[in-house]
Amino acid sequence: MSSITRRQFMIDGGKVAVGTSALAALLAACGGGSSGSSTPQAQTLRYWALGYQPNGANATGKLTDAAVQAYMKSHKDITVKVTGYTGDNAGFTKVTQAVNGGSSVDVFRIPSDNLPLLVKQGSVQPIDDYLTADDKADIYPNLLDAVKINGKAYAWPLWVPPVGMYLNLDIFKERGVPVPADDWTYEQFVEIAQKLTFTRANGQKVYGFTGMIDPGVVNTWPFIMGDGGVPLTPDNKKYAFDSPETITGLQKLVDLAQKYKVTPPDFGTQAAEDISTGFSQHKNYAMYCAPSGDSSGYAAMNMNFTVKPMPMGKLGKHLTTGGIGLIAVAKSSNSDRIKAAMNMASYLTGNQVAKDVPKYYLAPGARKSITVTDPINKFTPMVSYTYLMPLIAEWTQIRTLIHTHLQNAVLGKETPEQALKAPANEINSILADSQS
């Protein structure tokens, strides 16, 4: 998960005296996945997992198999069959067709980008009737809001990989630069980045900062949004990235390249792998911004690094961007099947699975009760202030239009004002068509 490119979930309520069998049925109906309750009858559930490879062929395969085995162990009447699909257009087409087919999918991992279309097509079951009071208290409110479409919640939030600032501490030590505090400002960040931009005795250039600018990611967007700008109005009906606050925010990102010269010459066109290699192995990038997924790889390398929140802009408070991983339940006319599927989805996004399967969570969980291990835990405080992109079917198209102009601004081909005003008419037309 080296970028935000595509796409992981939680769990007191009224006291009612009921009999044991009635309680079991109630828990099953309410999606009490972490309770280990029995479902009404024997079921075979089909679970489609993003990135899954069978027989432990990859980390996702191992963790998914372990979670499914733990779930079946506590739910004797359930058999789960797992199908993997890839995180590319072919994979998303495959799972979308399977869900719309209505007979081969019960529970599925889905990137937030793809959820709105499936909801629009009537293929996803709302989860509201299966959320317990504990669920509502435990899931971060901004994440539960993020999965609502027309007032209904359509997926169980799994996890959030927020964007943070990675620091190569070897380079900090090399230049005698102190590690900044968590509440550092943009201006302090620029000063540090300037000190970390230098040429080594062997001629190697070191740059204070870089970041990936790509249509599939929002890694550098915290700079753009740090002064208070947002891409769309709160109702998602109009383009809003051309506001004065967003223009000043984009100017800050552009200035890193054009004014302060703390970025590499290819800043704006770099691939994720080039950035991570330069940061960790070549040691020619002192800082870069990316989601939480990169951190586990660096920890495995025993790299000397840390992660800080993104520098604060004129908002005067922390803000970052990120994606959200989701698990959804396919629409079905079989109420028992839906109950069983909701129960399993609740488990796969709750805190019990974290206890059953160590390191199951590859990003901070969507529930306050979930504890993740170092270094992923460095990102946990960021979850509550992560801005999640609009959950609308047109967002991928809109983000791609915005990206072209952001890249032009960073490369000096457009001013920040030109870049952010340029796509306004086309995006507003897209949004208007979606509402008609």
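Student: Is Ser276 buried or exposed in this model?

Tutor: In this predicted model, Ser276 counts as buried, because its relative accessibility is 16% and the cut-off for buried is under 20%.

Student: Where does Ser276 sit, and what does its side chain have at 3.1 Å?

Tutor: Ser276 is placed in helix α11, which covers residues 272-280, and a polar atom of the Ser276 side chain lies 3.1 Å from the backbone oxygen of Glu273.

Student: Which residues does Ser276 touch, leaving out those up to four places away in sequence?

Tutor: With those sequence neighbours set aside, Ser276 touches Tyr288 and Tyr298.

Student: What does Tyr288 pair with?

Tutor: Tyr288 forms an aromatic pair with Phe279, and the geometry is edge-to-face, with 4.9 Å from centre to centre and 65° between the planes. Both Phe279 and Tyr288 are buried.

Student: Which aromatic cluster has Tyr288 in it?

Tutor: Tyr288 belongs to one aromatic cluster formed with Tyr166, Phe279, Tyr298, Phe305 and Phe379, so to speak of Ser276 again, the two tyrosines that Ser276 touches, Tyr288 and Tyr298, are both members of that cluster.

Student: How many aromatic pairs are there by this rule?

Tutor: The count comes to 20 aromatic pairs, where the rule asks for ring centres within 6.5 Å.

Student: Take Tyr186 and Phe223, then: why is that pair edge-to-face?

Tutor: The planes of the Tyr186 and Phe223 rings stand at 80°, with the centres 6.3 Å apart, so the pair is edge-to-face, given that planes over 60 degrees apart are classed that way.

Student: And which helices hold Tyr186 and Phe223?

Tutor: Tyr186 lies in helix α8 (residues 186-195) and Phe223 in helix α9 (residues 221-225), so this pair ties together parts that are 37 residues apart in sequence. Tyr186 is buried, with a relative accessible area of 5%, and Phe223 is buried with a relative accessible area of 5%.

Student: Switching to charges, what lies over the face of Phe198?

Tutor: That is Arg175, which lies over the face of the Phe198 ring at 4.2 Å from the ring centre.

Student: New topic: how many residues has helix α2, and what does it reach from end to end?

Tutor: Helix α2 (residues 59-74) has 16 residues and reaches 23 Å from its first C-alpha to its last, which is close to the 22 Å expected at 1.5 Å a residue.

Student: Which α2 residues are buried, and what covers them?

Tutor: The buried residues of α2 include Leu63, Ala67, Val68 and Tyr71, and what covers the buried residues of this helix includes β1 (43-50), β2 (78-85), α13 (335-348) and α14 (352-356).

Definitions and conventions
Residues are numbered from 1 along each chain as its sequence is written. This is a predicted model: local features need pLDDT of at least 70, side-chain atom pairs count only at pLDDT 80 or more; totals for chains, interfaces and linings use all residues. Side-chain values use heavy atoms; hydrogens and water are left out. Rings of Phe, Tyr and Trp (its six-membered ring) pair if their centres lie within 6.5 Å; planes under 30 degrees apart count as stacked, over 60 as edge-to-face and the rest as tilted. Helices (H or I, at least four residues) and strands (E, at least two) are DSSP runs, numbered from the N terminus. Buried means under 20% relative accessible area, exposed over 50%, partly exposed in between (1.4 Å probe, protein chains only). A charge sits over a ring if NZ of Lys or CZ of Arg is within 6 Å of the ring centre and within 35 degrees of the ring normal. A polar contact is a pair of N or O atoms within 3.5 Å; within protein, one must be able to donate a hydrogen and the other to accept it, and residues adjacent in sequence count only if both atoms are side-chain atoms. Contact means heavy atoms within 4.5 Å. The expected span of a helix is 1.5 Å times one less than its number of residues.
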